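Okay, thanks for coming, everyone. I'd like to walk you through one protein and the empty spaces inside it, so have a look at the screen first.

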Amino acid sequence: MSTIGSVESLWRYPVKSMRGEELNEIFAGYAGVYGDRLFAFESSASPKGFPFFTGREQHQMIRYRSWFRDPRKAARPVNWSEAQNLSPAITPIPATAAELMIDVQTPDGQTFAIDSPELINRLAAGLDRKHDLTLIRCDKALTDCRPVSLFGVQTAKKLGEETGFDVDKRRFRANIYIDLMSADGFAEDKFVGKSLRIGPQVVVSILQRDGRCMMITLDPDTAEKTPVILKKVAQAHNGFAGVYGAVLVEGMIRKGDSVELLE
């Protein structure tokens, strides 16, 4: 077992494709990060295999900010401490849907409940009428692929050097940003097929590289497009940036935790 870096920052996205929130600690479970992508919108115009309505269709969606009304209930499973006292192998339970209710603020400062019809109207404004939007909710994180995403901060720096732009790591919408001891960008690719221990308890199996789409071209603050970033990822890195993982051992991860490669 060797230390390869530390947790630079932790993020979750209560509503798929909306702005993320940075946290000092997260609960990483088998279903993903607790409270991550709990809600999403699906569109009647999207393919059945990927029905989600995202920043691909409405670029300004990434500027919408969401938050839990009860941050304490959204921090970790409601019986986490009690379950740990009985056995570290016990799977804890989430809070109720009412306890994990979310509000959303639009880019112009208006606030709506996540299930407000007016919010749907705002999201669909200016789009083709073929987009009939529906709110969906799932205790399992509604991610594109795997439950947890990881990204080396050196990879964003590398892309900045390659493109001549200041590449904000937030474009990649990862859950766990890692400050790796290796100065090389894309060093996290080498962990595919291996497992990482993050902090004292959590173990994550790194399953595959993260295939990227136009979402990384969108500035997280303005939603303006910078196509050259995706072009460089496609041409120089086969379309991948960052990695996906699955949690093998559940637990809390905190900012600054060590990240170890399990041999």
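**Pockets, cavities and one helix**

Let's start with the largest pocket: sorted by class, its lining has 7 nonpolar, 6 polar and 9 charged residues. Before I go on, remember that this is a predicted model, and the values I quote are computed from it.

So, which residues lie nearest the centre of that largest pocket? They're Arg37, Asp144, Arg173, Arg212 and Tyr244, out of 22 lining residues. If you want to find the place by secondary structure, look for β11 and for β14, residues 202-211, since each of those strands gives at least two residues to the lining. The space in there comes to about 340 Å³.

Now for the second largest pocket, which holds about 290 Å³. This one is also lined by 22 residues, and closest to its centre you'll find Phe27, Ala31, Tyr34, Pro94 and Asp139. Two elements put two or more residues into that lining: β3, at 25-29, and β4, at 32-33. And the class split here? We get 13 nonpolar, 4 polar and 5 charged residues. Put that beside the largest pocket, with its 7 nonpolar and 9 charged residues, and you can compare the two linings for yourselves.

Those were pockets; next come the cavities. How many of 30 Å³ or more turn up in the whole structure? The search finds 2. The largest cavity has a volume of about 150 Å³. Several arginines help to line it, including Arg19, Arg170, Arg171 and Arg173, and Trp11, Tyr13 and Met215 are also among the lining residues. Overall that lining divides into 6 nonpolar, 1 polar and 4 charged. If Arg173 sounds familiar, that's from the largest pocket, where Arg173 is one of the residues nearest the centre.

The second largest cavity is about 30 Å³. Its lining has 7 nonpolar residues, no polar ones and 1 charged one. You can pick out Leu150, Ile178, Leu180 and Phe191 there, among others, and Glu188 is in the lining too.

Let me zoom in on one helix, α3, which runs over residues 153-163. Which of its residues are buried? The answer is Val153, Gln154, Thr155, Ala156, Leu159, Gly160 and Thr163. Here's a handy bit of background: an α-helix has 3.6 residues a turn, so residues three or four places apart point the same way. Keep that in mind as you go through Ala156, Leu159, Gly160 and Thr163, which are among the buried ones. And what covers them? The cover for the buried residues of α3 includes β1 (2-12), β11 (148-152), β12 (176-180) and α4 (227-237). Straight after the helix, Gly164 takes a positive phi of about 80°.

Finally, let's step back to the whole chain. It has 4 helices and 17 strands. The C-alpha trace spans about 55 × 50 × 30 Å along its principal axes. A compact globule of 263 residues would have a radius of gyration near 18 Å, and this chain has 18 Å, so the two agree. Buried residues make up 51% of the 263. Of the contacts between residues at least 6 apart in sequence, 77% join residues at least 24 apart. As for the outside, the chain exposes about 11,900 Å², with carbon and sulfur atoms supplying 49% of that.

That's my tour, thanks for listening!

Definitions and conventions:
Residues numbered from 1 in each chain as written. Predicted model: local features only at pLDDT ≥ 70, side-chain atom pairs only at ≥ 80, totals over all residues. Heavy atoms only, no water. Buried < 20%, exposed > 50% of the residue type's maximum accessible area, 1.4 Å probe, protein only. Contact = heavy atoms within 4.5 Å. 1 Å grid on protein atoms, 1.4 Å probe; cavity = no way out; pocket = protein on both sides within 12 Å on 5 of 7 lines; lining within 4 Å. Points joined across faces, edges and corners; volume = space filled by probe spheres on them. Nonpolar A, V, L, I, M, F, W, Y, C, P; charged D, E, K, R; others polar. Rg over C-alpha atoms; globule rule 2.2 N^0.38 Å. Areas by Shrake-Rupley, 256 points an atom, 1.4 Å probe, with all protein chains shown as cover.
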